[in-house]
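Open the model in your viewer and keep the selection box handy. We will walk from one stop to the next, with a note on what to look for at each.

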Amino acid sequence: MRMRARGLKELRAVLAPVAAGMGVMAAAAALLVPALGGGAGEDGPGRGGAVSPAVTHRAYGPGAGPAAAPCTARNAAESLRPSSDDGAAVSRIKEKGQLVVGVDQNTYRWGYRNPTTGALEGFDIDLARAVAEDILGPHPKVVFKAVGTSRRIPALQQRAVDIVVRTMTINCARKEQVAFSTAYFQAGQQVLAPKASKITAFDDSLRGKRVCTAAGSTGESELSARPHGAKVLTVPNQLDCLVRLQLGEADAVVTDSALAAAQAAQDPAVELKGRPFTDEPYGVAMNKDDTDLVRRVNKVLADYRGDGATDSPWMRAYQKWLRADLPGISGPPSPEYSD
């Protein structure tokens, strides 16, 4: 079931520097309420490049099932098996008649405002709508709240949002604070810098350079552990780093490879340097107590992957939003379960 090595290998093979111009895409209407701590996105991975096996939806009750093993780097992406049962969290959403989703509104291709229509769109937005439709039925009311990178976990803990779909990396430190679905995409941390820069990768070529990353991101964690002699600059949101780079206030950016590719698509003067140097999955995040909602979202993801079929909702979303900047990914990441 584990596809970590294959997924990362394939992703690394296709993440070449990208310099496509930013296009305008057709948008669906979205309701946005005030932002929670900012709006630009960063972070995390999912397991791209692996075809998902068929999934059996077991009828576990809310919170039921065997106790999970202690979280390690090897099993961090494991989640609860899918279930359609309504527990306290799903019932609460149905009673409200709306799903409140923490999202990004500034990350091209993932969650951003269409400059022509003003509507939110992107890969994460499509996935959030799929969750809402499964719980609330056709034409659901979805309330999108723009949540800054460092505000994702507090927003869930304070129940300001029901779920966060915002390129958020699954890891053990975060799983102590919130719950995650299975992975829906795979990326890894990578360096973004001007094409003319002598920076070559996440290595000693960063020595003495000003390297920007988002506060609360996995990029910040990696730079804290291995700064390579760089001066680290932290900002509230990852898009702020691209602006710093463009203004000459930073020499490089460390973010995940999928978002770096999207930023390179916006600015042809920058490119990805070296290879991804971590293996990280993106997951839908929820309040840690909402185990029935975790199982329900995993049921949605099982359907969304469509067993890796080329006409699955996941593949259609990939082809629409990501293929231009991340070509060659053959399918979604395979789910890993703890029970």
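Start with two helices, α3 and α9: they are roughly perpendicular to each other (a label for angles of 65 to 115 degrees, where under 35 counts as roughly parallel, over 145 as roughly antiparallel and the rest as oblique). Before going further, a word on the source: this is a predicted model, in which local features need pLDDT of at least 70, side-chain atom pairs count only at pLDDT 80 or more, and totals for chains, interfaces and linings use all residues. Residues are numbered from 1 along each chain as its sequence is written, and side-chain values use heavy atoms, with hydrogens and water left out.

**First stop: α3 against α9**

Select residues 123-136 for α3 and 291-305 for α9. Helices here are DSSP runs of H or I with at least four residues, strands are runs of E with at least two, and both are numbered from the N terminus. The axes of α3 and α9 come within 10 Å and cross at roughly 115°; axes are lines fitted to C-alpha atoms, for helices over the stretch in contact, and angles run from 0 to 180 degrees between N-to-C directions. The crossing is right-handed, meaning that the near helix is turned clockwise from the far one by less than a right angle, whereas anticlockwise would be left-handed.

Now show the side chains. On the α3 side, the contact (heavy atoms within 4.5 Å) is made by Asp 126, Leu 127, Ala 130, Val 131, Asp 134 and Ile 135. On the α9 side, look for Leu 293, Arg 296, Val 297, Lys 299, Val 300, Leu 301 and Tyr 304. By class, the contact of α3 with α9 has nine nonpolar, no polar and four charged residues. Ala, Val, Leu, Ile, Met, Phe, Trp, Tyr, Cys and Pro count as nonpolar, Asp, Glu, Lys and Arg as charged, and the others, Gly among them, as polar.

**Second stop: the other partners of this helix**

Keep α9 selected and add α2, residues 88-96. The axes of α2 and α9 are 6 Å apart, at an angle of about 80°, so this pair too is roughly perpendicular. Ala 88, Ala 89, Val 90, Ile 93 and Lys 94 of α2 meet Asp 292, Leu 293 and Arg 296 of α9. That contact has five nonpolar, no polar and three charged residues.

Next, swap α2 for α10, residues 313-322. Here α9 and α10 pack at about 70°, with their axes 5 Å apart, and they are therefore roughly perpendicular as well. Look for Asp 303, Tyr 304 and Arg 305 in α9, which meet Pro 313, Trp 314 and Ala 317 in α10.

**Third stop: Leu 322**

Stay on α10 and pick Leu 322, which lies in this helix. At 2% relative accessibility, Leu 322 counts as buried (under 20% relative accessible area, with exposed over 50% and partly exposed in between, using a 1.4 Å probe and protein chains only). Which residues does Leu 322 touch, not counting those up to four places away in sequence? They are Arg 109, Trp 110, Phe 123, Phe 185 and Ala 317.

**Fourth stop: the aromatic cluster**

Select Trp 110, Phe 123, Tyr 184, Phe 185, Tyr 282, Trp 314 and Tyr 318, which form one aromatic cluster. The structure holds 12 aromatic pairs; rings of Phe, Tyr and Trp (its six-membered ring) pair if their centres lie within 6.5 Å, with planes under 30 degrees apart counted as stacked, over 60 as edge-to-face and the rest as tilted. Zoom in on Trp 110 and Phe 123, an edge-to-face pair at 5.3 Å centre to centre with 65° between the planes. Trp 110 sits in the loop between β3 and β4 and Phe 123 in α3, so the pair ties together parts that are 13 residues apart in sequence. Both Trp 110 and Phe 123 are buried.

Move on to Tyr 184 and Tyr 282, whose ring centres are 6.1 Å apart with planes at 45°, so the pair is tilted. Tyr 184 is in strand β8 and Tyr 282 in strand β14, so this pair links parts 98 residues apart in sequence.

**Last stop: two loops**

Select Arg 159, in the loop between α4 and β7. Arg 159 has a positive phi of about 55° although it is not a glycine. Then select His 228, in the loop between α6 and β11, where phi is again positive, near 55°.
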